[in-house]
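Me: Please take a close look at a single part of the structure shown here, and then set that part in the context of the whole chain. I would like one connected account.

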Amino acid sequence: MNTRTKGRRAALGKYGMLVAGTAILAFGLYNIHRQSNITEGGVLGLVLFFDHWLGITPALISPVLDISCYLIGFRFLGREFAKCSVIASLSFACWYALFEKFPPLLPSLAEHPAAAALLGGCFVGLGVGLAVRAGGAAGGDDALAMTISHVTKWPISRAYLFTDLVVLALSTTYISPKNLLCSLITVTVSSFLIGRVQTFGKKEPSGGVPLAVK
């Protein structure tokens with residue numbers, strides 16, 4: 001097999017993983033989070049916040065927020081990461097727009113917020129984890145967290161936690177305390193799975209810097 005063929009197969013696998021990850025993410029947000037009033041932290045949570053209060057579909061607001069974060073943190077991420085992330089963001093928007101054309105495929109778990117939090121966290125963790133493993137990000141959270149970490153000199157984990165807590169605080173304007181607590185469960189589950197999927201079979205670099213932003 002020549003080098004060009006190997007390169008094409010590698011690119012096909014990489015972008016296929018990006019598209020698959022964003023499909024899983026969009027499916028979970030539309031079928032679980034949106035029906036159950038369970039939110040996420042970071043950009044995903046902002047997407048749901050604007051959807052609720054302004055009626056702006058995630059298919060439109062998601063790429064706007066993501067690209068804004070990519071532009072802010074471009075110098076800290078690298079060109080290839082930014083390119084993959086933009087592709088992932090646009091792929092998510094397309095998948096969500098497609099799912100919106102049909103009724104939800106899963107029954108509403110609004111009466112069972114804890115179950116919705118766990119299942120929704122699994123969809124988000126798997127979807128974002130695949131996108132990050134492919135070399136990008138399904139949202140602008142990575143770019144935003146890297147920028148905050150650089151400016152404040154905080155560890156990257158604290159930067160992620162900060163953005164999540166800010167968005168969850170905003171979400172108290174439309175989410176009940178019970179569902180907000182469940183949203184914290186979602187954030188915890190999704191964060192755990194993102195890390196697992198991202199690093200499965202790989203060695204994490206020294207210093208704990210996420211592999212996807214190297």
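Reply: A residue counts as exposed when its relative accessible area is over 50%, as buried when that area is under 20%, and as partly exposed in between. Lys153 has a relative accessible area of 65%, and is therefore exposed. The model is a predicted one. Lys153 belongs to the loop that joins helix H6 (141-152) to H7. Its backbone also deserves attention: phi of Lys153 is near 65°, a positive value in a residue other than glycine. For context, most residues other than glycine have a negative phi.

Beyond this loop comes helix H7, which spans residues 156-171 and contains Ala169. With a relative accessible area of 45%, Ala169 falls between the two cut-offs, so it is partly exposed. Ala169 and Gly41 are 128 residues apart along the chain, yet a separation of 9.4 Å is found between their C-alpha atoms. In the protein overall, 76% of the contacts between residues at least 6 apart in sequence join residues at least 24 apart.

The setting for this part is a chain with eight helices and zero strands, in the order α-α-α-α-α-α-α-α along the sequence. Of the 214 residues in the protein, 47% are buried.

One pair of these helices shows how the packing is arranged elsewhere in the chain. Helix H1 (residues 3-36) packs against helix H4 (residues 79-100) at an angle of about 45°, and their axes are 8 Å apart. That angle is neither under 35 degrees nor within 65 to 115, and H1 and H4 are therefore oblique to each other. The handedness of their crossing is right-handed. Residues of H1 in the contact include Leu18, Thr22, Leu25, Leu29 and Arg34, while those of H4 include Glu80, Ile87, Ser91, Phe92 and Tyr96. Classified by residue type, the contact comprises 16 nonpolar, two polar and five charged residues.

The interior of the protein can be described in terms of its nonpolar cores. In soluble globular proteins, nonpolar side chains tend to be buried together. The largest nonpolar core has 20 residues, of which Leu25, Leu29, Phe92, Tyr96, Val124 and Val128 touch the most other members. Two or more residues of this core come from each of H1, helix H2 (42-54), H4, helix H5 (113-133) and helix H8 (177-199). H1 contributes the most, with five residues. Another core lies apart from it and has seven residues, including Ile61, Leu65, Tyr70 and Ala143.

Notes
Residues are numbered from 1 along each chain as its sequence is written. This is a predicted model: local features need pLDDT of at least 70, side-chain atom pairs count only at pLDDT 80 or more; totals for chains, interfaces and linings use all residues. Side-chain values use heavy atoms; hydrogens and water are left out. Axes are lines fitted to C-alpha atoms, for helices over the stretch in contact, and angles run from 0 to 180 degrees between N-to-C directions. Helices (H or I, at least four residues) and strands (E, at least two) are DSSP runs, numbered from the N terminus. Angles under 35 degrees count as roughly parallel, over 145 as roughly antiparallel, 65 to 115 as roughly perpendicular and the rest as oblique. A crossing is left-handed if the near helix is turned anticlockwise from the far one by less than a right angle, and right-handed if clockwise. Contact means heavy atoms within 4.5 Å. Ala, Val, Leu, Ile, Met, Phe, Trp, Tyr, Cys and Pro count as nonpolar, Asp, Glu, Lys and Arg as charged, and the others, Gly among them, as polar. A nonpolar core is a set of buried Ala, Val, Leu, Ile, Met, Phe, Trp, Tyr and Cys residues joined through side-chain atoms within 4.5 Å. Buried means under 20% relative accessible area, exposed over 50%, partly exposed in between (1.4 Å probe, protein chains only).
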